[in-house]
Amino acid sequence: MSPNPKQPGLSLEIDGHIYGFEAGETILEVARKNDIYIPTLCHDPRLKPAGACRTCLVEVEGARRLMPSCATRAESGAKVSSHSPRIERHRRGLLALYLTDHTNERQSRERKRPNQLLQMAQDLGAPTDWPRLQNIRTGRPDDRNPYLDFNPKSCIACARCTRYCDEIESVSAITLAGRAGETTISTSDGRSLLDTSCELCGGCIDTCPTGAMAEKLPITRQEEHEDELTKVRSTCSFCGVGCQLDLNVNPDARDGAGRVIKITSPEPGTTSNDGNLCVKGRFAYDFIHHRDRLTHPLIRDAAGQLQKATWRQAIERTAQGLLGIKQEHGADSLAFVSSSRCTVEENYLMQKISRAAIGTNNVHQCAAT
Ligand code: SF4
Ligand code: SF4
Ligand code: FES
């Protein structure tokens, strides 16, 4: 066994190769770090392992049963197989069972979200001709909340949504309810999310692997499927935290000018907000193409009417006005106030204009109070 540079002595074997690991890591974490593919559905690196979906089972030498790699700690000296005829047979059978009461491809695409179960079943060659079972999960079709839609027919009861709501949001607005095939995602007394502690963060949509939880607007507007949109990484502009988000853009809309169809969060672990967003960051995007939105500077003419101007004209007029006041009343007659909605770089520039260009320390930012 080769020495482990992170923690001497901690090494295990996966598919005939030796990998070092840190104490506490799971077999899945060691595999992912080393680009070994193990399929998962109920796993989300932000959540405690649940071991619920059984797609990630692997063989561990000496263990009688297949073990869930997402919930099994790596043991030094262990020998693990991530692929074998036994594992392939298990995965195909399991996925075929999931499919027996699951939405088909067409129904799934109406959710406008990727469906990892259907994709995985196709990739791993799961049989699709097993007899169908009636899906008896119930949903909340009359939930009047404006953002979140739940389709029980696409749910596989993996509990990623409820665990996210509990462990990340600390809200517990949704819960698993019912038993066996009736197990579904419910709220207290089946209320609308608007009548619960839900903060409409949309994290349950983000983590759901099948699109059972989906955003209402793209469905009702019959927008393009998420797979057909172009993701453009951006910074949320609603507060100064700077959460990273992905604008999902149809580049051909508006005669090639493009249109933002929806917002999704980047993969967990890749940005400082770890894939989490708040209600504004995730859902408040309709303003982007609103007809009342200012898209160019305006300057008042002699009659007091606002006239369209270029940025150069607007900046020159502003500079003239500020310098005129400074000349007449002194630099300290001016004050500069910036916003916590600006980036740190923009706030820095505001104080630089104040101190270096105008010559006053009268500068403030609203978050400082
Ligand atoms: S939107 Fe957020 S708070 Fe509401 S149910 Fe989903 S995860 Fe919980
Ligand atoms: S709604 Fe989605 S995340 Fe929640 S249990 Fe069903 S499949 Fe899993
Ligand atoms: S990902 Fe391991 S049991 Fe679901």
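**Group meeting: helix α5 and its surroundings**

So, let's start with α5 (160-167): among the elements covering its buried residues are β7, β8 (184-186), α6 (203-207) and β9 (213-215). Covering here goes by contact, with C-beta atoms, placed from the backbone, within 7 Å. Buried takes 20 or more other C-beta atoms within 10 Å of a residue's own, exposed is 12 or fewer, and partly exposed is in between, again with C-beta atoms placed from the backbone. Helices (H or I, at least four residues) and strands (E, at least two) are DSSP runs, numbered from the N terminus.

Quick housekeeping. This is a predicted model, where local features need pLDDT of at least 70, side-chain atom pairs count only at pLDDT 80 or more, and totals for chains, interfaces and linings use all residues. Residues are numbered from 1 along each chain as its sequence is written, while chains are lettered from A and ligands numbered from 1 in the order in which they are written.

Back to α5. R160, C161, T162, R163, Y164 and C165 are its buried residues. That's 6 of 8, so the helix is largely enclosed by the rest of the structure.

Step off the helix and you hit I168, in the loop between α5 and β7 (175-177). Is I168 buried or partly exposed? Partly exposed, because it has 19 C-beta neighbours inside 10 Å. Leaving out residues up to four places away in sequence, I168 touches R46, G203 and N276. D301, on the other hand, is 133 residues away along the chain, and the two C-alpha atoms are 52 Å apart.

C161 turns up again at ligand 2: 13 residues surround the ligand, and C155, C158, C161, C208 and A212 come nearest. Near means a C-beta atom, placed from the backbone, within 6 Å. The shell splits into 10 nonpolar, 2 polar and 1 charged residues. In that scheme Ala, Val, Leu, Ile, Met, Phe, Trp, Tyr, Cys and Pro are nonpolar, Asp, Glu, Lys and Arg charged, and the others, Gly among them, polar.

Now the sheet. It's open, with 5 strands in the order β2-β1-β5-β3-β4 and mixed pairing; strands pair if DSSP finds at least two bridges between them. β2 (17-20) and β4 (67-68) sit at the edges with a single partner strand each, so one side of each has no neighbour in the sheet. β1 (residues 11-14) runs antiparallel to β2 over 4 bridges, and S11 has G20 as its bridge partner in β2.

Notes: Contact = placed C-beta atoms within 7 Å.
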